[in-house]
Amino acid sequence: MRSHARTFAVLALTGALALTAAGCAASGGSGGKAASDEVTLVVHSSFPNKEFAKAASKATGLRVKVVSAGDGGELTNKLVLTKGAPIADAFFGVDQIFASRLIDGGITEAYTPKGLPDGAKRFAVDDRGSLTAVDYGATCLNIDTGWFAKHGVPAPTGYDALTDAKYKDLAVVLDPTASSTGGSFLVGTVAKFGEQGFADYWTQVAKNGTRVEQGWTEAYNGQFTQGGGTGTRPIVVSYATSPAWTLTKDGSATTTAALLDTCSNQVEYAGVLKGAANPEGAKKVVDYLVSREFQDTIADSMYMFPVDASANVPADWTKFAPKPAEPNDLPAAEIGAKRESWLKTWSTATGW
């Protein structure tokens, strides 16, 4: 989803990561010698490549190379198309919208990392270890609270933000056929309104003057009134953590709000690619992705929640980026089985 959808959140990994990485060099470790001392990780386009490569190399004792392959959907496509001759040894950044394509296609080698956090087990897609959950967030509608106050319009609180006539021409959403953020939000509407009702909802959304963009950057930075540009729409599909990014200068308040009743969890996975040139090295990299050291950096580097519940998260997230109490979720297997049908229904319903 996205030029990965969280372009705004690509921050440098903390200095503590690099300083403490060397102490974990043995954590990946069996006694066997890897076929090579180089291992390649392919990731989505908003991963902190250089910082991770440096820290992971110290932690694993290998030369870790990180390459980008577009957003989550593009990454998935490349992994499927290169089955049998993988472009890397391991991957990170495929979410539950596309997870089934890797599993059904036999793209990954089953592996359960050492010291797997309980939080990762909660998001397991199967009992074989086909994929390993690394982080998660929630896609949902965000609003510019100041805009509504200034214009005397009651701020929306839920999915009606896209269908109520008083919000006509005020929203921008993401194309779920091009963006995994948009795909996650679409799945949330299926969970909320059911397979018989979500098409009617989206027909109303389209009729209410909602604008559709291909990716998060175009929608948030280009169209949203709090995106830092000249946007004119105060409602956008983004993340539950986004308000923690739009803080006032003194950090005492945020200028946006996430509508938590519209949230759907998005889980990002890693794994070992079948046919990898260095499978043992790939396993060490996956081990590192769920290690406490790396988990401690996720909130600051990618604005997602680490699967390790004990890992560090900014204190102000409790106030400005609360998790949805009841996200509108569906099992990854159901998403995989019905995704294409839902996308066709969405396209017909909206005319987009």
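The exercises below, each with a worked solution, concern helix packing, nonpolar cores, backbone angles and single residues in a predicted model.

**Exercise 1. Helices α8 and α13**

Determine how helix α8 is oriented relative to helix α13, and which residues make the contact.

Solution. Two packed helices are described by the angle between their axes and the distance between the axes. For α8 (residues 198-207) and α13 (residues 332-350), the angle is about 40 degrees and the axes lie 8 Å apart. Angles under 35 degrees count as roughly parallel and those from 65 to 115 as roughly perpendicular, so α8 is oblique to α13. The crossing in which α8 passes α13 is right-handed. On the α8 side the contact involves F198, A199, W202, T203 and A206, and these meet W342, T345, W346, A349 and T350 of α13. Sorted by character, the residues of this contact comprise seven nonpolar and three polar ones, with no charged residue.

**Exercise 2. Helices α7 and α13**

Classify the packing of α7 with α13 by its angle, and describe the character of the contact residues.

Solution. Helix α7 (residues 180-193) packs with α13 at an angle of about 95 degrees, and their axes are 11 Å apart. Because angles of 65 to 115 degrees count as roughly perpendicular, α7 and α13 are roughly perpendicular to each other. From α7 the contact takes L186, V187 and V190, while α13 provides I335, W342, L343 and W346. The residues of this contact divide into seven nonpolar, no polar and no charged.

**Exercise 3. Helices α7 and α8**

Work out how the axes of α7 and α8 are related, and list the residues through which the two helices touch.

Solution. The two axes come within 8 Å and cross at roughly 125 degrees. Since only angles over 145 degrees count as roughly antiparallel, and the perpendicular range ends at 115, α7 is oblique to α8. The α7 residues in the contact are F185, L186, T189, V190 and F193, and their partners in α8 are F198, Y201 and W202. Seven of the contact residues are nonpolar and one is polar, with no charged residue among them.

**Exercise 4. The nonpolar cores**

Identify the residues that touch the most other members of the largest nonpolar core, and follow the contacts of L162.

Solution. The largest nonpolar core holds 64 residues, of which L79, F91, L141, F148, L162, W202 and I235 touch the most other members. When residues up to four places away in sequence are not counted, L162 touches L141, A171, V173, F185, Y201, Q204, V205, N208, T210 and I235. Apart from this core lies another, of 29 residues, which includes V66, V134, A282 and I298.

**Exercise 5. Positive phi at D169 and Y303**

Locate D169 and Y303, whose phi values are positive, and decide for each whether the residue is buried, partly exposed or exposed.

Solution. Most residues other than glycine have a negative phi, and most peptide bonds are trans. The phi of D169 is near 65 degrees, and D169 lies in the loop between α6 (145-151) and β6 (171-174). Its relative accessibility is 41%, so D169 counts as partly exposed. For Y303, phi is near 55 degrees, and the residue is found in the loop between α11 (292-302) and β11 (305-306). With a relative accessible area of 10%, Y303 is buried.

**Exercise 6. Surroundings of L41 and A191**

Describe L41 and A191 by element, accessibility and contacts.

Solution. L41 has its place in strand β1 (residues 38-43), and its relative accessible area of 1% means that L41 is buried. Leaving aside neighbours within four places in sequence, L41 is in contact with F47, F52, K65, V66, V67, A88, A90, F91, F92 and V285. The C-alpha atoms of L41 and S130 are separated by 16 Å, with these positions 89 residues apart along the chain counted as their sequence separation.

A191 is found in helix α7, and at 28% relative accessibility A191 counts as partly exposed. Beyond its neighbours within four places in sequence, A191 is in contact with N328, D329 and L330. The C-alpha atoms of A191 and S57, which are 134 residues apart along the chain, are separated by 41 Å.

Conventions: Residues numbered from 1 in each chain as written. Predicted model: local features only at pLDDT ≥ 70, side-chain atom pairs only at ≥ 80, totals over all residues. Heavy atoms only, no water. Axes fitted to C-alpha atoms, helices over the stretch in contact; angles between N-to-C directions. Helix = DSSP H or I, 4+ residues; strand = E, 2+ residues; numbered from the N terminus. Left-handed = near helix turned anticlockwise from the far one by under 90°. Contact = heavy atoms within 4.5 Å. Nonpolar A, V, L, I, M, F, W, Y, C, P; charged D, E, K, R; others polar. Core = buried A, V, L, I, M, F, W, Y, C linked by side-chain atoms within 4.5 Å. Buried < 20%, exposed > 50% of the residue type's maximum accessible area, 1.4 Å probe, protein only.
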